[in-house]
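Okay, thanks for coming, everyone. I'd like to walk you through some side-chain contacts and one bit of surface, so let me put it up on the screen.

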Amino acid sequence: MKKIYGSAGEALDGLLFDGMLIAAGGFGLCGIPELLIDAVVESGVKDLTVASNNAGVDGFGLGKLLETRQIRKMMSSYVGENAEFMRQYLSGELELEFNPQGTLAERMRAAGHGIPGFYTKTGVGTQIAEGKEHKDFGGETYILEEGIFADISIVKAWKADETGNAIFRKTARNFNPPAAMCGRVCIMEVEEIVPTGTLDPDCIHLPGIYVHRLIQGEHEKRIEQRTTRPRPAA
């Protein structure tokens with residue numbers, strides 16, 4: 001089975017359609033699949049639902065899809081850092097399904113393991129629980145959350161072998177593994193593809209069985225919030 005493709009556009013060929021659900025890895029600008037996002041922008045596909053912790057910043061990453069109005073709905077846990085995201089949401093132009101951060105990650109992970117739903121105490125007694133099934137276990141109330149089964153997943157790893165076994169670098173691991181698991185087709189971009197057998201099996205964060213298409217590319221290392229202070233006098 002061919003897994004390695006020459007570009008993000010080639011890897012997404014035949015997979016995109018209007019109204020689809022995309023799970024995207026990353027947290028802010030850390031570990032985002034920027035090349036695949038750019039290819040989705042170029043495709044012109046619209047009315048997308050995107051499950052991602054947040055939408056990064058204006059003009060980069062998922063922020064580009066917001067600017068082109070290709071996203072109809074976000075399934076996220078955080079809105080900040082992206083002014084256009086906030087503007088569209090507050091003006092009623094963008095549908096938003098808020099999720100507690102751990103719940104969002106588990107909804108992805110659960111789907112990746114074939115689990116259609118699970119009970120959690122998180123959100124009980126809040127707006128998050130409205131309209132959801134409640135059930136008591138051991139005298140405690142839990143709410144039912146459904147797994148997120150995405151049409152495709154787009155994720156980024158540091159290094160992968162030719163079969164898709166992947167390693168994420170430090171905090172760039174974030175939402176990438178659960179997002180990768182929940183897509184019916186997972187497309188992964190990496191900084192380096194190495195020969196099969198090169199990676200230590202004990203260091204693999206995501207087994208290649210979850211990865212269907214793979215690309216290698218150059219990535220921009222942006223800093224989401226640059227915080228500096230004046231250099232002290234010599």
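So, Glu 95 and Lys 73 form a salt bridge, with the closest N and O atoms 3.9 Å apart. That pair links distant parts of the chain: Glu 95 sits in strand 4, residues 95–98, and Lys 73 is in strand 3, 22 residues apart. Keep in mind that this is a predicted model.

Is Lys 73 buried or exposed? Lys 73 comes out at 16% relative accessibility, and the cut-off for buried is under 20%, so Lys 73 counts as buried. Glu 95 is at 39%, so that one counts as partly exposed.

And this pair has company. Which residues are in the network of salt bridges with Lys 73 and Glu 95? They're linked up with Arg 72, Glu 97 and Arg 107.

Now, how many salt bridges turn up if you search the whole structure? The answer is 18. I'll pick out two others.

One of them joins the side chains of Glu 84 and Arg 69, at 4.0 Å, N to O. Glu 84 is in helix 4, while Arg 69 is in the loop between helix 3 (62–67) and strand 3 (71–76), so this salt bridge ties together parts that are 15 residues apart in sequence. On accessibility, Glu 84 counts as buried, at 17%, and Arg 69 counts as partly exposed, at 47%.

Next up is Arg 184 with Asp 151, where the closest N and O atoms are 3.7 Å apart. What does that pair tie together? Arg 184 belongs to strand 10, residues 183–194, and Asp 151 to strand 8, residues 150–161, so the bridge connects parts 33 residues apart in sequence. Arg 184 is exposed, with a relative accessible area of 54%. Asp 151 counts as partly exposed, at 22%.

Okay, enough about charges. Let's go back to helix 4, where we had Glu 84 a minute ago.

There's a nonpolar surface patch of about 390 Å², and the residues making it are Met 86, Tyr 89, Leu 90 and Phe 98. Which element gives the most to that patch? It's helix 4, residues 83–90, with three residues. Leu 90 lies in that helix, and its relative accessible area is 71%, so Leu 90 is exposed. So helix 4 holds a buried Glu 84 as well as an exposed Leu 90.

That's my tour. Happy to spin the view around if anyone wants another look.

Terms used
Residues are numbered from 1 along each chain as its sequence is written. This is a predicted model: local features need pLDDT of at least 70, side-chain atom pairs count only at pLDDT 80 or more; totals for chains, interfaces and linings use all residues. Side-chain values use heavy atoms; hydrogens and water are left out. Patches are made of residues with over 30% relative accessible area and no salt bridge: like charges are joined within 9 Å, nonpolar side chains (Val, Leu, Ile, Met, Phe, Trp, Tyr) within 5 Å. Accessible areas come from the Shrake-Rupley method with a 1.4 Å probe; for residues, only the protein chains shown count as cover. Helices (H or I, at least four residues) and strands (E, at least two) are DSSP runs, numbered from the N terminus. Buried means under 20% relative accessible area, exposed over 50%, partly exposed in between (1.4 Å probe, protein chains only).
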